[in-house]
Amino acid sequence: MKFKVNQTTVYFKIGDITKESVEAIVNAANSGLRGGGGVDGAIHRAGGPRIMEECRKIGSCPPGQAVVTTGGNLAATYVIHTVGPIYRGGQKEEASILHNAYLNCLRLAKEKGIQSIAFPSISTGIYGYPIEEAAEIALRICFQYAKQNIIPTELHFVLFSQKDFDVYRQTLKKLFP
Ligand code: ADP
């Protein structure tokens, strides 16, 4: 499934983000950049130890911010590590932190001249953000960014299950009928 937003193409698929052939994949990291479960663990396993070496040098990343490392053994040249909010009921700035996480990944990509970037569904796994709400935030900021910027020229959403993909599809219909 794909959409054109000005000069940017936005793609949606079900898959494993570690296998994406894009210039940068986004990691839903923790603020210590220490690796962990979910997509974070999968990226470090598939990408090898060079990614963690660079994460150690960087040290940490506050929620809503983003940092970049090599893609190590991945097909992607870079991993952009961002830290989403831990969901604690919705009154703790979760929405703005999630918005900033997507936005700062896009800004960093543009700064590095990265043409194609793939996102997982940030914060909707271990961090517990309800995916219906998270998808709306993700889609709003990414489409808004694509309207105003040329780079990256490709945005990919790589969802890990049919259920997550369906939520994104429904949210797209709701936001952009
Ligand atoms: P968070 O801690 O930000 O919630 P998780 O990794 O637990 O991060 O989950 C974020 C999303 O990434 C979830 O929807 C999860 O199903 C998905 N996910 C897990 N592994 C992969 C993968 N290899 N590729 C794409 N998405 C993945």
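User: What is the strand order in the open sheet, and what sort of pairing does it have?
Analyst: In this predicted model, the open sheet has seven strands in the order S1-S2-S7-S6-S3-S5-S4, and the pairing is mixed. The edges are formed by strand S1 (2–5) and strand S4 (66–70), each of which pairs on one side only. On average, neighbouring strands of this sheet are turned by 25° against each other, with direction ignored.

User: How many bridges join S6 to S7?
Analyst: Four bridges join strand S6 (residues 116–119) to strand S7 (residues 154–159), and these two strands run parallel. One residue to look at there is phenylalanine 119, whose bridge partner in S7 is phenylalanine 157.

User: And which strands does helix H2 touch?
Analyst: Helix H2 (residues 49–58) packs on the sheet and touches S4 and strand S5 (78–83), with its direction making about 140° with that of S4. Helix H3 (residues 94–111) packs on the sheet as well, touching strand S3 (24–29), S4, S5, S6 and S7, and its direction makes about 155° with that of S5.

User: Switching to cysteines, how many disulfides are there in the whole structure?
Analyst: Zero, according to a search of the whole structure.

User: Why is there no bond for cysteine 55?
Analyst: Because its closest cysteine sulfur, in cysteine 61, is 9.5 Å away, whereas a disulfide needs the two sulfur atoms within 2.5 Å.

User: What about cysteine 142, and is that residue buried or exposed?
Analyst: The sulfur of cysteine 142 is 8.6 Å from the closest cysteine sulfur, in cysteine 105, which is also too far for a bond. Cysteine 142 counts as buried, because its relative accessibility is 0%, and cysteine 55 counts as buried at 1%.

Technical notes. Residues are numbered from 1 along each chain as its sequence is written. This is a predicted model: local features need pLDDT of at least 70, side-chain atom pairs count only at pLDDT 80 or more; totals for chains, interfaces and linings use all residues. Side-chain values use heavy atoms; hydrogens and water are left out. Buried means under 20% relative accessible area, exposed over 50%, partly exposed in between (1.4 Å probe, protein chains only). Two strands pair if DSSP finds at least two bridges between them. Axes are lines fitted to C-alpha atoms, for helices over the stretch in contact, and angles run from 0 to 180 degrees between N-to-C directions. Contact means heavy atoms within 4.5 Å.
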